[in-house]
Amino acid sequence: MSDQLPERAKQGDVVFGSAADVPRRLLASWQRSEEYGVSLDSVEPVFTGTDDLGSLFFECGNEVLVDLHRTLASEPVSMMLTDADGVVLSRMSGDHSLLRALDDVHLAPGFAYSEREVGTNGLGLALADRVPTLVRADQHYAQNLCSFTCAAVPVIEPASGRLEGSVNLTTWSQSSSELLLALARSAASTTAALMLARTSGRTSRPTPRGRVFRVEVPRLEPGSGTVHSLSDGWNAAVSAAEGAMSTGTVVAAIGEPGSGRSTALAQAARHVHPRDRILSAEAPAPSDLQTWLGLWTPELGKAHTAVIVRDVDSLPIWVADQLAELVVRSRAQSALPFAMSAERFEDIPPPLAALVDTVVAIPPLRERSADVLPLAHHIATRARGRDVVIAPAAGRALAGFDWPGNVAQLTRVISHATSRADVVDVSGLPHEVLAGSARHLSRIEAFERGEIVRVLATGNPTMADAAHELGMSRATLYRKIGQYNIRVVRD
């Protein structure tokens, strides 16, 4: 086991429930927390916002917790509802000192508390393993969570079996926790039952939200989590950003959505300031703007912090004005590394545009096709947590597509393809990717071309067998191959 893990993990003297396999769950979670680069000392904030609270899960879960709160109003217990990504949706408690302590570690609505974000904790481990979980005191990975005990139970949507989120009960570590898990189980079970009773025609889960505000600390190994040996176009953009940051100037990365403009800034910042924290933020939902602004003041005042603001062209002018004032004030006191990203420079709000010294253009993925397969391998490995094979036919399809959605689209495609297998083959790729980029195709044409490519690439069939599976004659198949400019390659 790595030397970076807590001493308690190396000593193997942890008591975590009564089942024989529970200690292994805890140690495995600690190991994952280390691999994620989570700090042992403190929880770093990841604010994503609470814009969408209209789901059936939130309606039912919050109703259950309100009833439970009436019963436990005088007890030092905080009741929380989180979504499937660990984002706290609601929190209630009658103990104000407990609420203040939870605020200090950002265990509050709008903040993400998944295992990947903050390491081993009750709700994070319950969501990761999808089983009821109790994490006591120093069983937490981050040291500043050790004053709490947390019990969490995942809530599964009854009809589809989809993970909706969790019910989490948190108390002081010195308080009795014997009934905490039982209460969480009861609340989760009641929530699922209410959802089943009200399930007709309701949307049960909101769309995933981005990371609106997060602080990244240096990884345990230099360059961890980055892709090396990419194209000259990408490397030139990163080098330009590095050069500007090294002289203390403000950088703006400009490029199409999903092209990796913020990633380029983060990579450059990590090279120039390898030991610094990187505060990364993007425009929040309108309902979270004031909270978002409130997060900046204490963070900008911290030493060794580089700041990247994503998609500043989405910020209202009054927010950009206040943020610019904060940045100018902080840079006057110290050389605060500051960068931003947008689609076009002219769309950056004037208060922030006035701060920019250097503009770096990030080329779209279609202009750096050599990056597609290295990125695909990287995305697949991160999604599965181990090496993933990309079949030759799938690799050709990926490299031949023009990726109008850039790296963001590639990430969605590869993440979906690796969700159930360790091999990415043509059967796991969408038809628009298999259709290629030779010319614009209608949706029907794209589907037809994709099916032909899939059948020809699966099992090396004869033309007769392929035509039979596709439901067409061999003559029609040959004509379609020519019409769609399909390159027939046998693996």
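This section describes the fold, nonpolar cores, salt bridges and selected residue contacts of a predicted model.

It helps to begin with the overall make-up of the chain. The predicted chain contains 19 helices and 14 strands. Of its 491 residues, 51% are buried. Among contacts between residues with a separation of 6 or more, 71% join residues 24 or more positions apart.

The nonpolar interior comes next. The largest nonpolar core has 55 residues, and the members that touch the most others are Leu398, Trp403, Leu410 and Leu429. Helix α8, spanning residues 232–246, supplies the largest share of this core, with six residues. Separate from it is a second core of 30 residues, whose members include Leu279, Trp296, Leu315 and Ile348. Returning to the largest core, the surroundings of Leu429 can be listed residue by residue. When neighbours within four places in sequence are set aside, Leu429 contacts Ala394, Ala397, Leu398, Val413, Val424 and Leu434. One of these partners, Leu398, is itself among the core members that touch the most others.

Helix α8 also offers a residue that is not buried. Gly233 has its place in this helix, and its relative accessibility of 35% makes it partly exposed, because the partly exposed class lies between the buried limit of 20% and the exposed limit of 50%. Gly233 also illustrates how the fold brings together distant parts of the sequence: its C-alpha atom is 9.7 Å from that of Ala361, although their positions lie 128 residues apart in sequence terms.

Turning to helix packing, the pair formed by α18 (residues 463–470) and α19 (residues 474–483) is a clear example to look at in the structure. Their axes come within 9 Å and cross at roughly 90 degrees. The two helices are therefore roughly perpendicular, since crossing angles of 65 to 115 degrees fall in that class. On the α18 side the contact is made by Met463, Ala464, Ala466, Ala467 and Leu470, and on the α19 side by Arg474, Leu477, Tyr478 and Ile481. Sorted by class, this contact comprises eight nonpolar residues and one charged residue, with no polar residues. Arg474 of α19 is the charged one, because Arg is counted as charged.

Charged side chains also pair up elsewhere. The structure holds 14 salt bridges, and three pairs show how the surroundings of such partners can vary. What is the exposure of the two partners in each case? In the salt bridge between Arg162 and Glu164, nitrogen and oxygen are 3.4 Å apart. Here Arg162 is partly exposed at 36% relative accessibility, whereas Glu164 is buried at 1%. Asp347 and Arg344 form another salt bridge, with their closest N and O atoms 2.9 Å apart. In that pair Asp347 is partly exposed, with a relative accessible area of 32%, and Arg344 is partly exposed as well, at 41%. The third pair, Arg368 with Asp371, has an N to O distance of 3.0 Å. Arg368 is buried at 3%, and Asp371 is buried too, with a relative accessible area of 0%. Beyond these pairs, Arg25, Arg32, Glu115 and Asp129 are linked in a network of salt bridges.

Arg368 deserves a little more attention. Where in the chain is Arg368 found? Its position is in the loop between β12 (358–361) and α13 (372–384). Although charged, this loop residue counts as buried, because its relative accessibility of 3% is under the 20% limit. Aside from neighbours within four places in sequence, Arg368 contacts Ser231, Trp234, Ser259, Pro363, Leu375 and Val407. One of these, Trp234, falls within the residue range 232–246 of helix α8.

A final example comes from helix α11, which covers residues 317–333 and contains Ile317. Is Ile317 buried or partly exposed? With a relative accessible area of 49%, Ile317 is partly exposed. Which residues does Ile317 touch, once those up to four places away in sequence are left out? The partners are three prolines, Pro349, Pro350 and Pro351. For Pro350, which is 33 residues from Ile317 along the chain, the separation between C-alpha atoms is 8.0 Å.

Notes. Residues are numbered from 1 along each chain as its sequence is written. This is a predicted model: local features need pLDDT of at least 70, side-chain atom pairs count only at pLDDT 80 or more; totals for chains, interfaces and linings use all residues. Side-chain values use heavy atoms; hydrogens and water are left out. A nonpolar core is a set of buried Ala, Val, Leu, Ile, Met, Phe, Trp, Tyr and Cys residues joined through side-chain atoms within 4.5 Å. Buried means under 20% relative accessible area, exposed over 50%, partly exposed in between (1.4 Å probe, protein chains only). Helices (H or I, at least four residues) and strands (E, at least two) are DSSP runs, numbered from the N terminus. Contact means heavy atoms within 4.5 Å. Axes are lines fitted to C-alpha atoms, for helices over the stretch in contact, and angles run from 0 to 180 degrees between N-to-C directions. Angles under 35 degrees count as roughly parallel, over 145 as roughly antiparallel, 65 to 115 as roughly perpendicular and the rest as oblique. A salt bridge is a side-chain nitrogen of Lys or Arg within 4 Å of a carboxyl oxygen of Asp or Glu.
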